[in-house]
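Visitor: Hi! Could you walk me through this structure in simple terms?
Guide: Happy to. Let's put it up and take it piece by piece.

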Amino acid sequence: MNRVFIVIAALSLSLVTSMSAANADVLWLTETAPPKASASQVADHAAHHHAMHSSTSAVSKTATSDSGKHDHTGMIVLDETPGKDHRPSKQVWLRRGDDIKKSPFSDLDGGDPSLTLIDQAGKKSVVEAGQENGLFTLKAEMPEVGFYEAYLEQRSVKEGRLLVELPKIELLWASCQPKEIDEEAVAKPIVNEAVALELVRIHKEDEGCMNRIVSGDVVNFQVLSYGKPVAGIPVSMVTQEGWRNTQTSDASGTVAFTMIREYFPNWLEFKKYHTDVFLVSAVMEKNESGALNGQSYSSVRYEATLPGKYRPSPHDYRSYAWGLGISFFVIVFGGLAVYLYRRRRLKPYKEVRVDDKS
Amino acid sequence: MTNLEHIRTAVNNVQFNRFRFWLQIFFFALLVYGGYLGIELGKHLPTFACGYNKELRGGMCFLMPLQHWMEWPWEKLFSAAALTILYGFAIFFLWFIALNRGWCGFACPVGTIQDWITSLRRWTGIRYSRYSEGQYKGLGIIKWVLLALMFLIPLGIGGGWFTHDLKSPFCMICPGRTVVPLFGLDVSQWSIDFSSRTNMIMTSLGLLVTGLFFIGAFVKKRFFCFYCPMGALHYLFSKAALLRLNKEGAKCTRCGDCYRVCDLQIKEIADDIQNKNIMTDDCIMCLKCVAACPEPGALKATFAGIPIFEATEAGFIKRMNKGRTDDK
């Protein structure tokens, strides 16, 4: 019995490890800019990591590395500025690795990357990618309030297998003016029917542009392939603090994750606009053969990623009990004070008799 | 009698309180529920169409965007971007000059709610309160202090002196923020925000003012209007407005009826027989004084110089006899 248990445990562990390992080197897009103070270090870091990554790739790219200039254990300072969503222009960066705190900023591996930006109406536009401090960056201008999806596709052949990396990011130009928002369009997911694997966050019906994902929320994602739901695809979520969960898409291609609470500062250091990042990734493998740039492959691996942001739950810092308590206290004791004040000012009835004869 | 004179007589003899009640209902529905009908009057309204009433509102109070603009970093505030603020002020001004402080007397949802609370008090038979002369003079300064703080605190945020948690300081203490969304069944503003000391203090202060609002409005007519910085802002521009309240001092007998019906206890309305324009910073232009005046032409409301509602003997008698049943 014990042996059976140990075997099952070992198998489970190896499965989880293989899933995690499979996703450990994922490519993802982020709105978080690399730290300015160490931009050159970050570039070196990226170049080094890039070189490491490319060394395992059949498509090699000239890159220099200087591991002495950076520290692999150094954390990336995540600077999520409150109010960022209110800006109509966005800049996106590329990172590699599923450790959100440590994964370095990256550049493209080469090949023939394609970039697409789709707005709420499903209109595609051409996006120009550029470089800043030796790092890939993408600048997108959003003409109208609402959600936009930016897609990157990068293909390479490694050990006879075609790797199709499909990082995607959901961009939002938010407005607190509800009249500026097309609610139906905001609630409707943006789908790119031209990609082989895509993760779509299912919006709430009343989501609007000012709602944010907060701890405790159940966030639903749908796995799509050329716009059609795919069942049985393992989808992993990793949060900024390293919490991981993997689920398999159901018949409708849907997976659901409950956002955990990871923010436990002292009261005086608490920030309600504190923003953590999560990363969702999905992998799909297919036995397809072909050739890319003269290199043949016998299987294809699709890796789709979608980052997101979440904040502390209002339940962590808002109290209706206190609010109602203060109001009722003021109304009851204030009312009593007014009553007593008015009563004190009442002049007692005093009868004055006048004798007409006198 | 010409048609115009017929109309003028009908207007002057109107049952004013009933007319005002229905006009207030109309404005309340427009500003609090107008969003249901797709009505959007913009965000520069000179009245408390509360922005916290989200999707339902038919327009937005100007004080909310004004405070947001004042919070801009100074380099932005004193640049070409300030044209946005000037444009906002221009729209606000155009709205304002149409009705002057009639926005307070007829359109303001917070004012209307106070009138409903007053009706409730009247129904219970509890007498109302009035300020003493000393209290009246002392408390009258508060609205000007609030108006000054409403500009200075956001400017201080833009200058980096104050925390961003102090943003929209007047909105945080305005009873409109807590009371108006209730009409859309939204109670989200009735909570204390413990995320920082500033937020905790401001949200507590907001609910404390809300409590005072309910007590005050119950015992004192138009309690909050006496402290309203929007009213103070209105007064700064009131001389340019089209709707005006005028008095012919020579026709006034100083009977004091106008003072007795005035919700804001403005004594000048009865005492001042020198000035033609008798608008004071407290006047909400409810025109109850005109309706209560028995002297023909002593008090009148004019629009662009044309009298639209004036005191008449017949109107006074009709309104005073309202509901009276003589036994014959």
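Guide: We'll talk about a sheet in chain A, and then about how chain A and chain B touch; keep in mind that this is a predicted model.

Visitor: Okay, the sheet. In what order do the strands of the open sheet in chain A come?
Guide: The order is 1-2-6-5, so named for its four strands, and the pairing is antiparallel.

Visitor: And which strands stand at the edges?
Guide: Strand 1 (27-30) and strand 5 (129-132) of chain A do. Each has a single partner strand, so one side of each has no neighbour in the sheet.

Visitor: By how many degrees are neighbouring strands of this sheet turned against each other?
Guide: On average by 35 degrees, with direction ignored.

Visitor: How many bridges join strand 5 to strand 6 in chain A?
Guide: Four, and the two strands run antiparallel, with strand 6 covering residues 135-141. In this pair, Ala129(A) is opposite Leu138(A) of strand 6.

Visitor: New topic! How many residues does each chain bring to the contact?
Guide: Chain B brings 20 residues and chain A brings 19.

Visitor: Which element of chain B gives the most to that side?
Guide: Helix 12 of chain B, with nine residues. Helix 12 spans 197-219, and strand 1 (192-193) of chain B also gives two or more residues.

Visitor: What kinds of residues are on chain B's side?
Guide: Nine are nonpolar, seven polar and four charged.

Visitor: Which strand of chain A pairs with strand 1 of chain B?
Guide: Strand 19 of chain A, residues 318-319, pairs with it over two bridges in the antiparallel sense. There, Ser319(A) stands opposite Ile192(B).

Technical notes. Residues are numbered from 1 along each chain as its sequence is written. Chains are lettered from A and ligands numbered from 1 in the order in which they are written. This is a predicted model: local features need pLDDT of at least 70, side-chain atom pairs count only at pLDDT 80 or more; totals for chains, interfaces and linings use all residues. Two strands pair if DSSP finds at least two bridges between them. Axes are lines fitted to C-alpha atoms, for helices over the stretch in contact, and angles run from 0 to 180 degrees between N-to-C directions. Two residues are in contact if their C-beta atoms, placed from the backbone, lie within 7 Å. Ala, Val, Leu, Ile, Met, Phe, Trp, Tyr, Cys and Pro count as nonpolar, Asp, Glu, Lys and Arg as charged, and the others, Gly among them, as polar.
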